[in-house]
Amino acid sequence: MNIHKVFIFSLQVSIVSCAVSVSLSQLFLFLSLILYFFDKDRIKLEFSPLLKASLFLFITYLVSFTYQFISQNFNFAYLASARTSELKDILLFSGFIIVQNLGSDEEKEKIQKAFLIFLWVVLITGFISCFSPIRLSRLLSDLVRTSPNWKFTHHYGDVLGIGFYVPIGLMNTHLTFGGFLLFFTPLVLFRFFSQLKKKIFSKESFRYFVISFIFLFVVLLNNARSAIMGSIISILFALFDITVIKKEIPKHVVLKIAIVPLLTIALAAFAFTFNETTRKTVLPFLGEEKHTDSGRTFIWHSTFPIIKSNPVFGAGPGRYNEEIEKSRKKLSEENKELLFFYEVTQRGHAHNDYFHIAAVFGFLGLAAYLLLSSMIAYTILSSKISFEKRIMFYGLVGFFFAGLYQCYFQDDEVVIVFWLLAGFLDKLSRAPAIEK
């Protein structure tokens, strides 16, 4: 087996294993990176606008780190801690570089197939985990060793004697799994839409209906509102691209065909409201507050002073937790009646990608992140990629809207898929004649 085949196989495994284990996916991504550098015909960078925007983001990361490193009188302890923080995303970004430099049409088809297999793994493990009281990742890991981590998942309740649980697939949190669903919701729904456009009543239409229904069932039970909000934005963006920008389908045809999937979603949501267990998945979308909502207010309020104190270069990678502890303490002293809430709210990140990036990398980093989001949207709108392939990328747009309520850009499991998809978008968008 030559180096080209090993490289593609390793990259395929990295993509598919994103749905299984972040450690496994990173291992094969690292192997792909090594093989990439050993392949002399492949070591080249095409400095597309999307690549430039991505590199600009990581330059702001390095500028912020350098500024803090110098400000701390070259503190090498900070150097050690910073490399395990946001800076490690540079390795994940290598997925963009690798996929952006795919060669033949055959290689691109294999990578597209890998993304579809990833989707099937997400869908199947997600559906199974809807009915499993034990985390699927624990069922697998316990075959090798006993893990001290909590093995049970959240129980919604029972319907007709059947237990329903929050689906997280093989991941550890429902938010990470929600990020996976976000990326591929447009793909699933628009493939169903595309089939309806060909023929409403057919075996293929029914097959896509079943797939879409199961997918939406998993999405609703997963209940990651930030991801669902991002999915909705992705779908609206896709409709704008299809009907207004590229004018591939007339608006009235879209409205006519969309009635079937919209009724399917409405009926599924309506059916859920008849049961106390499933009602828990619907009411939060209608305004009912979840127990985590108030916590975000305190996290955001504690993050603003960090942004104010470090407006240009930010507090630096790896220093968010350190700085927010100072901010929390000061705010709790000023508002003693709220001390309990400042103490019990979650640590780790700002629960908003924009606030987190502004706090850690300053407004320079935030500007780079906004540029990246704009460039991805522009690349999709200006590309000549066929509709059947383009629907794989609309979820990237919704990803940035989901970040308004969650830190998906700080989640390694989600970010590695983001960069792989973004690199694939960049590759296909630069070869319109081939991709038609």
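Me: Buried means under 20% relative accessible area, exposed over 50%, and partly exposed in between (1.4 Å probe, protein chains only). What percentage of the 436 residues is buried?

Reply: This is a predicted model, in which local features need pLDDT of at least 70, side-chain atom pairs count only at pLDDT 80 or more, and totals for chains, interfaces and linings use all residues. Residues are numbered from 1 along each chain as its sequence is written, and side-chain values use heavy atoms, with hydrogens and water left out. Of the 436 residues in the protein, the buried share is 53%.

Me: How many helices and strands are there in the protein?

Reply: Helices (H or I, at least four residues) and strands (E, at least two) are DSSP runs, numbered from the N terminus. The protein has 20 helices and 2 strands.

Me: In which sense do strands β1 and β2 pair?

Reply: Strands pair if DSSP finds at least two bridges between them. Strand β1 covers residues 155–159 and strand β2 residues 162–165, with 4 bridges; one partnership joins Asp 158 to Gly 163. In the hairpin, 2 residues lie between the strands, and Leu 160 takes a positive phi near 55 degrees. The sense of the pairing is antiparallel.

Me: Which helix has the highest confidence, and which the lowest?

Reply: Confidence is pLDDT, the predictor's score for each residue from 0 to 100. The protein averages 85, and 88% of the residues score at least 70. The highest mean, 96, belongs to α18 (residues 394–402), and the lowest, 43, to α20 (residues 432–435).

Me: Why is α18 described as largely enclosed by the rest of the structure?

Reply: The buried residues of α18 include Tyr 394, Leu 396, Phe 399 and Phe 400. They pack against α8 (174–198), α10 (225–245), α16 (353–382), α17 (387–390) and α19 (412–429). The helix is largely enclosed because its buried residues number 8 of the 9.

Me: How many contacts, beyond near neighbours in sequence, does the stretch with pLDDT below 50 have?

Reply: Contact means heavy atoms within 4.5 Å. The stretch covers residues 432–436. Where pLDDT is low, the predicted coordinates should not be read in detail. Beyond near neighbours in sequence, the number of contacts of residues 432–436 in the model is 9.

Me: What is the angle between the planes of Phe 58 and Phe 93?

Reply: Rings of Phe, Tyr and Trp (its six-membered ring) pair if their centres lie within 6.5 Å; planes under 30 degrees apart count as stacked, over 60 as edge-to-face and the rest as tilted. By this rule the protein has 42 aromatic pairs. Phe 58 in helix α3 (residues 49–71) and Phe 93 in helix α5 (residues 89–100) are 35 residues apart, and both are buried. Their rings form a tilted pair, 4.9 Å centre to centre, and the angle is 40 degrees.

Me: Phe 69 and Phe 74 also form an aromatic pair; which ring belongs to a partly exposed residue?

Reply: The pair is edge-to-face, with 5.5 Å centre to centre and 90 degrees between the planes. Phe 69 has a relative accessible area of 12%, so it is buried. At 48% relative accessibility, the partly exposed residue is Phe 74.

Me: What is the relative accessibility of Phe 7?

Reply: Phe 7 lies in helix α1 (residues 3–16). Beyond its neighbours within four places in sequence, Phe 7 is in contact with Ser 32, Leu 35, Tyr 36, Arg 42, Ile 98 and Leu 102. Phe 7 counts as buried because its relative accessibility is 0%.
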